[in-house]
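Let's take a walk through this structure together. Have the sequence and the 3D view at hand as you read.

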Amino acid sequence: MKRVLVLNGPNLNMLGLREPDIYGHETLDDVKGLCLEAAEKLGLAIDFRQSNHEGELVTWIQDARGVYDGLLINAAAYTHTSLALHDALKILDIPIIEVHISDPKKREEFRHFSYVEPLAVHVIAGQGPKGYVQGLEKLCELL
Ligand code: DQA
């Protein structure tokens, strides 16, 4: 069974409460539930994690080497700021899919640049929580 790490960055633990007009009413637990359901159908084993700490995300990415076959990442605000995440992702030799609930390219200009995008084989944005399922399906195709 292929193993996939699903990483979520800062403030995604506040989904459901946070700007529901942009991110909707589903919580991160709901997103996790969708991912677990999709993983079961696709025959993937997933680890679903969230952190508000850049360094913790960097460590999880480093530790993914040799353990996981694919990475699905919503780096949230660190997408637009974190060279450290970019460098950590560069070391990984597994397919990386970038996912966002909203479409950052259609929002404020400071969200248009992504440090993750150059390292991702595929980007899914603006599809809401079902973007995570689409990301897992894409990873499944690739693996
Ligand atoms: C986000 C988009 C980012 O710009 C923002 O900082 C987030 C969430 C999304 O899923 O739409 O925290 O990654």
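Helix α5 covers residues 130-142, and in this predicted model you can check its length yourself. With 13 residues at 1.5 Å a residue, α5 should span 18 Å, and its end C-alpha atoms are 19 Å apart, so the two values agree.

Which residues of α5 are buried? They are Gly131, Tyr132, Val133, Gly135, Leu136 and Leu139. These buried residues pack against five strands and a helix that you can find one by one: β1 (2-8), β2 (44-50), β3 (70-74), β4 (96-100) and β5 (122-125), along with helix α2 (28-42).

Now turn to helix α4, residues 83-91, which holds histidine 86. Is histidine 86 buried or exposed? Its relative accessible area is 13%, and because buried means under 20%, histidine 86 counts as buried. Leaving out residues up to four places away in sequence, histidine 86 touches Tyr115, Pro118 and Leu119.

Next comes the ligand. Around it you will find Arg18, Tyr23, Asn74, Ala76, Ala77, His80, His100, Ile101, Ser102 and Arg111. Sorted by class, this shell has four nonpolar, four polar and two charged residues. Three of the side chains place an N or O atom at these distances from an oxygen atom of the ligand:

| Residue | Distance to a ligand oxygen atom |
|---|---|
| Serine 102 | 2.6 Å |
| Histidine 80 | 2.7 Å |
| Arginine 111 | 3.0 Å |

How much of the ligand does the protein bury? Taken alone, the ligand exposes 320 Å², and the protein buries 99% of that.

Terms used. Residues are numbered from 1 along each chain as its sequence is written. This is a predicted model: local features need pLDDT of at least 70, side-chain atom pairs count only at pLDDT 80 or more; totals for chains, interfaces and linings use all residues. Side-chain values use heavy atoms; hydrogens and water are left out. A residue is near a molecule or strand if one of its heavy atoms lies within 4 Å of it. A polar contact is a pair of N or O atoms within 3.5 Å; within protein, one must be able to donate a hydrogen and the other to accept it, and residues adjacent in sequence count only if both atoms are side-chain atoms. Accessible areas come from the Shrake-Rupley method with a 1.4 Å probe; for residues, only the protein chains shown count as cover. Ala, Val, Leu, Ile, Met, Phe, Trp, Tyr, Cys and Pro count as nonpolar, Asp, Glu, Lys and Arg as charged, and the others, Gly among them, as polar. Helices (H or I, at least four residues) and strands (E, at least two) are DSSP runs, numbered from the N terminus. The expected span of a helix is 1.5 Å times one less than its number of residues. Buried means under 20% relative accessible area, exposed over 50%, partly exposed in between (1.4 Å probe, protein chains only). Contact means heavy atoms within 4.5 Å.
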